[in-house]
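Colleague: Could you take a close look at one part of this model for me? I'd like to hear about the salt bridges, and about one charged network in particular.

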Amino acid sequence: RVHYYRLSGYWYPFRELTSAGRRDDFYPGTRFSDVVALYEFDTRLRAVTFAALTPIELAIRALLGHELGRIDPCVHLDASKLGATARQGDKYSKWVKRYEHERNQSREDFVLHHEQKYGGRLPVWVATELLDWGSLTYLYGFAPREVQNVVAGECGLSAPQLTKWLKALNLVRNTCAHHGRLFNRVHTITPKLPKVGLHPDLDAVNTDWSRTFGQLTLIQFLLDRLGVGRNRMLPAVIKSYPTVPIVPLTHMGVPEQWQDCSPLWS
């Protein structure tokens, strides 16, 4: 049911670690059943993480489409009405081409309706429904700063912080969507955090923010601040981590007494 190469990623941390790297020999006490248990846990973790990200993505779409629409219904197609980033380099023109491709390929009823009645020129609050997380992140980056500030403010963040968080969580989402290993991943984007004192529940989480638990904490924070989704899903799946002494829960970056460290996880 599982390809050898895929499963080998889950027995990698069971291989003896030396100064020269991982040996082919396993630590004493390694069991194949533990490897399978980790694989099955990671499958659950990916599914729940993806589900937890969905209402955040939809909320950002709604907020961004609404605030951009205050400027102009088709502001997303007019770089002169967007922020300075949209007029620098070729990222915006590439984004427009990608958006138009998605619009032309779409068979959604609302797209066909606008095609027939308005010539296919979708207002921004409709256009955002066609955007995946990556395209949404770019559109947020192209938005005028005043729009970014409103959206970020709803998330309890500054505009630069939300930009970084969206990019980081896009990678997490892609890992989940493409069935990558998530539980012990070291993530390439470390989020910008608010100043200490602004959010005590976030301050209370003592973790390596490049590890998976740190990234999941961002999700818990956004679920809380946006008032969306179910914030009990991720704590429940973490509690299901298998008892594997050789590869403990700390491999995810989870601190001791993690459920008591913050209201975000309690």
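Modeller: Here's a walk through that network, with a little of its surroundings.

Keep in mind that this is a predicted model. The salt bridge count comes to 14. Let's start from Arg 61, which pairs with Glu 57, with the closest N and O atoms 3.4 Å apart. Both of these residues sit in helix α2, 4 residues apart, or about one turn of the helix. Are they buried or exposed? Arg 61 has 11% relative accessibility, so it counts as buried, the cut-off being under 20%. Glu 57 is at 6%, so it counts as buried too.

Arg 61 also has a salt bridge with Glu 129, again with the closest N and O atoms at 3.4 Å. Glu 129 belongs to the loop between α5 (124-127) and α6 (133-142) while Arg 61 is in helix α2, so this pair ties together parts that are 68 residues apart in sequence. Glu 129 itself is partly exposed, with a relative accessible area of 42%. Through shared partners, the salt bridges join Glu 57, Arg 61, Glu 129 and Arg 173 into one network.

For another pair, look at Asp 25 and Arg 23, whose closest N and O atoms are 2.6 Å apart. Here Asp 25 is partly exposed at 39% relative accessible area, and Arg 23 is partly exposed at 36%.

As for the nonpolar side of things, the largest nonpolar core has 77 residues, and Met 252 and Trp 265 have the most contacts inside it. Helix α2 gives the most to this core, with 13 residues.

Notes
Residues are numbered from 1 along each chain as its sequence is written. This is a predicted model: local features need pLDDT of at least 70, side-chain atom pairs count only at pLDDT 80 or more; totals for chains, interfaces and linings use all residues. Side-chain values use heavy atoms; hydrogens and water are left out. A nonpolar core is a set of buried Ala, Val, Leu, Ile, Met, Phe, Trp, Tyr and Cys residues joined through side-chain atoms within 4.5 Å. Buried means under 20% relative accessible area, exposed over 50%, partly exposed in between (1.4 Å probe, protein chains only). Helices (H or I, at least four residues) and strands (E, at least two) are DSSP runs, numbered from the N terminus. A salt bridge is a side-chain nitrogen of Lys or Arg within 4 Å of a carboxyl oxygen of Asp or Glu.
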